[in-house]
Amino acid sequence: MKFSQFFKDHIIAMIINVLCILVLSLFLLSVGLHFGEIMIVIAFWIIILLVYWGYSYHSINKRLSSIYELTIHLDKKYLLSDVIGIPANAEEAVYFQIIKMANKSMLEQVSVVGRERKEYKEYIEQWIHEVKTPISAIQLLCENSKSDFARKLLCETEKLNHFVEQALFFARSEETEKDYLIKEVFIADIVHSAIAENKQLLIINGMSVVFDELPLTAYTDPKWIEFILNQLIVNAVQYKSGNSPTLTFSIQEIRGGIALSVMDNGIGISESDLLRVFGKGFTGENGRIKKSSTGIGLYLCKRLCEKLGIDISVSSVQNEYTVFTLYFPKGTFSGIIT
């Protein structure tokens, strides 16, 4: 606390003391006390006041500084009332009780919101579990039919399944680590699985696939990597160009790990949008053209990569190409399986 603030807080008391000094001086003059003696009395009064105010400022400033430092270094600042210690005076005791009541009310409200969120998440997960059954049934019926209508319907069910997976991950995003199964896997196997998952979507949209595969492995969760690849494939199809649309997968060993690249020759991403494509709800210029864009898919990909401990980057030139690259760090056990 600055001394100027302390001075402002005590200005009324200072004014009262000045008035008292003047009244006392007039009284002492009226009873015949010499001017020099009156000045001695006033000097003692002022010295006592200065000592008192100096001590008060020092003690208050020391107390507030210690509380401020304690608050800064406290991870959970709402626990301040539990570690602040015994109040130094009656005024602090009142504020102390107010803080404790406010914290109690806040914790009760947080607990209520937490229970509501948990119930909502459980409902979403249950709904997703239930809706997957009819989706699987529709896919099975369509696969047994060779008509164009069945292919188109199968393509739409693939999209629906992607949206369901998005909702599932979003519901579990705060505790995704509980659903991890990290193991050594061939990156190529995950790519093949993602391509097969989206085969109808690729066929209907006339998109060819090129895969330059190598027998490289990484320690990761294949289910969630496939989820990321599914999203990248859907995006590539959504923003394809009309000139021989092609989706190219490549795996290469780099220093410190393995890189998996997904490249398309679609409409690309503008330079101004590149730094924000992973932002939640960001659709950019292309999203305004494609009205169905939600800006959630790439956000989930980025968030999931952070959970899995892998990096994701993007580079693009408008009307030429877009490349998304996943970087898998190489652990002490990763390598080529023979």
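**Note on the predicted model: cysteines, cores and a surface patch**

1. Cys142 is buried, with a relative accessible area of 6%. The model is a predicted one, and everything below should be read as a description of that prediction.

2. The closest cysteine sulfur to that of Cys142 belongs to Cys155, and the 11 Å between them is too far for a bond. A second cysteine, Cys305, also counts as buried, at 1% relative accessibility. Its nearest cysteine sulfur is in Cys301, at 6.6 Å, which again is too far for a bond. A disulfide needs two cysteine sulfur atoms within 2.5 Å, and a search of the whole structure finds 0 of them.

3. On the interior: the largest nonpolar core has 48 residues, and the members that touch the most others in it are Ile228, Leu229 and Phe328. Helix H9, residues 222-238, gives the most to this core, with 10 residues. Apart from this core lies another, of 7 residues, which includes Ile124, Ile128, Ile135 and Ala171.

4. Leu229 can serve as a point of entry to the 48-residue core. Setting aside residues up to four places away in sequence, Leu229 touches Ile190, Val191, Ala194, Leu260, Val262 and Leu326.

5. Glu226 deserves a look as well. This residue lies in helix H9 and is buried, with a relative accessible area of 18%; the cut-off for buried is under 20%. Beyond its neighbours within four places in sequence, Glu226 is in contact with Ile190, Ser193, Ala194 and Glu197. Ile190 and Ala194 are also among the residues that Leu229 touches.

6. On the surface: a nonpolar patch of about 840 Å² is made by Phe3, Phe7, Ile11, Ile12, Ile15, Ile16, Val18, Leu19 and Leu22. The elements that give two or more residues to this patch are helix H1 (3-9) and helix H2 (11-30). H2 supplies the largest share, 7 residues.

7. Ile12 is one of the patch residues and has its place in helix H2. Is Ile12 buried or exposed? Ile12 counts as exposed because its relative accessibility is 59%, and the cut-off for exposed is over 50%.

Definitions and conventions. Residues numbered from 1 in each chain as written. Predicted model: local features only at pLDDT ≥ 70, side-chain atom pairs only at ≥ 80, totals over all residues. Heavy atoms only, no water. Patch = residues over 30% accessible without salt bridge, like charges linked within 9 Å, V, L, I, M, F, W, Y side chains within 5 Å. Areas by Shrake-Rupley, 256 points an atom, 1.4 Å probe, with all protein chains shown as cover. Salt bridge = Lys/Arg side-chain N within 4 Å of Asp/Glu carboxyl O. Helix = DSSP H or I, 4+ residues; strand = E, 2+ residues; numbered from the N terminus. Buried < 20%, exposed > 50% of the residue type's maximum accessible area, 1.4 Å probe, protein only. Core = buried A, V, L, I, M, F, W, Y, C linked by side-chain atoms within 4.5 Å. Contact = heavy atoms within 4.5 Å.
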